Amino acid sequence: MFDLNSSPLARRSFLEASVGAMAAGFAAQALPALAQTPTDVPSNFFPGFRRHTIQTSGATINVLVGGNGSPILLLHGYPQTHVEWRKIAPQLSTNYTVVIPDLRGYGDSGKPEDGDNHINYSKRAMALDQVEVMEQLGFKQFAMVSHDRGARVGHRLALDHPDRLTKLVMMDIIPTHYMYKTTDRQFASAYFHWFFLILPAPFPETLIGNNVDTVLKLFMGSAMPKYIEPEAYAEYRRCFSDPAAIHASCEDYRAAASIDLVHDEADMDKTIACPVLVLWGAKGLVGRKYDVLAIWRERATQVSGKGLASSHWLAEEVPDETLAEVKQFLAA
């Protein structure tokens, strides 16, 4: 197990063993090639949506807004951008006002300085961005649909700002604190990047920057080009190729292994008050390893959910099924 209270030397030994095992496994696999190398201007994935640049108290947030009706905030994961929602947001916008930002540090949003103990990339800071974005757009309360890193922001937002969320959808995560507290070889091997990205700068940044395509295809390759088409990959690559974005995304993970755990441990007696839907990929680690509903029912008062026939990228692999579950939950 990965002990949060173990010595730095013990943690380093565990990390080196886990990352070494994972690297050996990936070395034996051929990375899928792109169907083509896209060089054109990115497609308009969200026709009719309006682009805004919103200054929060801590960052500049790039955000698209479309549709009419009750507000829904969609938050993406790593190493992606708001483009993750291209297969779902247009359909949701027929009944809802859909807000799709890039998280701070990602996409075309700002990349603030790290701050002490990575605090500017804490999920608390990232959640506050979204509260301020929604308020500046005129929404005091809203529903949220979130995936991966965005779902971790959603979890923190629900704890820090319980009066803001009406409903919360979280995709393919269980709580960060739980994952670190129960770390074993299976988790560390599948999610090796949780331990690689938290190493001190500029080591991970340098390795990632030396071959962005290899890194992105390591994560997304199994979904390309069938589910993550060349045009979407081109946009992910455009944004992730920025050295500031690479560093910021590492800071996101460094915060998760430091200041976020401090915040989580201080709030272990708090639970999410609004209704929660958890969805996960039945073929991915979360679905294979964890009793997802049981774990989330310890952290929220009203939890429903199910696994879908996908791996990690639910909104891109099984968009119709994902959309159906989200719409049913929001309408209930």
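Gly 69 is partly exposed, with a relative accessibility of 43%, in what is a predicted model. That label follows because the value falls between the 20% limit for buried and the 50% limit for exposed. You'll find Gly 69 in the loop that runs between β2 (60-67) and β3 (70-75). Leaving out residues up to four places away in sequence, Gly 69 touches Asn 95, Tyr 96 and Thr 97. Take Thr 97 from that group: 28 residues separate it from Gly 69 along the chain, yet their C-alpha atoms sit 5.0 Å apart in space.

Now step back to strand β1 (residues 50-55), where Gln 55 lies. Gln 55 also counts as partly exposed, at 47% relative accessibility. What does its side chain do? A polar contact of 2.8 Å ties the side chain of Gln 55 to that of Thr 60. A polar atom of the Gln 55 side chain is also 3.2 Å from the backbone oxygen of Ala 59. If you skip residues up to four places away in sequence, Gln 55 touches Thr 60 and Gln 136. Then there's Gly 110, which is 55 residues from Gln 55 in sequence and 9.2 Å from it in space, going C-alpha to C-alpha.

Time to zoom out for a moment. The protein's secondary structure adds up to 16 helices and eight strands. It has 332 residues, and 57% of them count as buried. If you look at contacts between residues at least 6 apart in sequence, 76% of these join residues at least 24 apart.

On to a pair of helices. Helix α9 (residues 212-220) and helix α10 (residues 230-240) have axes that come within 11 Å and cross at roughly 130°. That angle is why α9 counts as oblique to α10: it is above the 65 to 115 range for roughly perpendicular, but not over the 145 degrees needed for roughly antiparallel. The crossing of α9 past α10 is right-handed. Which residues meet there? From α9 come Val 212, Asp 213, Val 215, Leu 216, Lys 217 and Met 220, and they meet Tyr 233, Tyr 236, Arg 237 and Phe 240 of α10.

Next, have a look at the cysteines. Cys 239 is buried, at a relative accessible area of 5%, and Cys 250 is buried too, at 0%. Both get that label because their values are under the 20% cut-off. How many disulfides does the structure hold? Zero. In general, a disulfide is a covalent bond between the sulfur atoms of two cysteines. To be counted as one here, a pair of cysteine sulfur atoms would have to be within 2.5 Å.

Last stop: helix α12 (residues 259-266), where Asp 260 is found. Is Asp 260 buried or exposed? Its relative accessibility is 5%, so Asp 260 counts as buried. The side chain of Asp 260 reaches the backbone nitrogen of Ala 256, at 3.3 Å. Setting aside neighbours within four places in sequence, Asp 260 is in contact with Ser 122, Lys 123 and Ala 255.

Key:
Residues are numbered from 1 along each chain as its sequence is written. This is a predicted model: local features need pLDDT of at least 70, side-chain atom pairs count only at pLDDT 80 or more; totals for chains, interfaces and linings use all residues. Side-chain values use heavy atoms; hydrogens and water are left out. Buried means under 20% relative accessible area, exposed over 50%, partly exposed in between (1.4 Å probe, protein chains only). Helices (H or I, at least four residues) and strands (E, at least two) are DSSP runs, numbered from the N terminus. A polar contact is a pair of N or O atoms within 3.5 Å; within protein, one must be able to donate a hydrogen and the other to accept it, and residues adjacent in sequence count only if both atoms are side-chain atoms. Contact means heavy atoms within 4.5 Å. Axes are lines fitted to C-alpha atoms, for helices over the stretch in contact, and angles run from 0 to 180 degrees between N-to-C directions. Angles under 35 degrees count as roughly parallel, over 145 as roughly antiparallel, 65 to 115 as roughly perpendicular and the rest as oblique. A crossing is left-handed if the near helix is turned anticlockwise from the far one by less than a right angle, and right-handed if clockwise.
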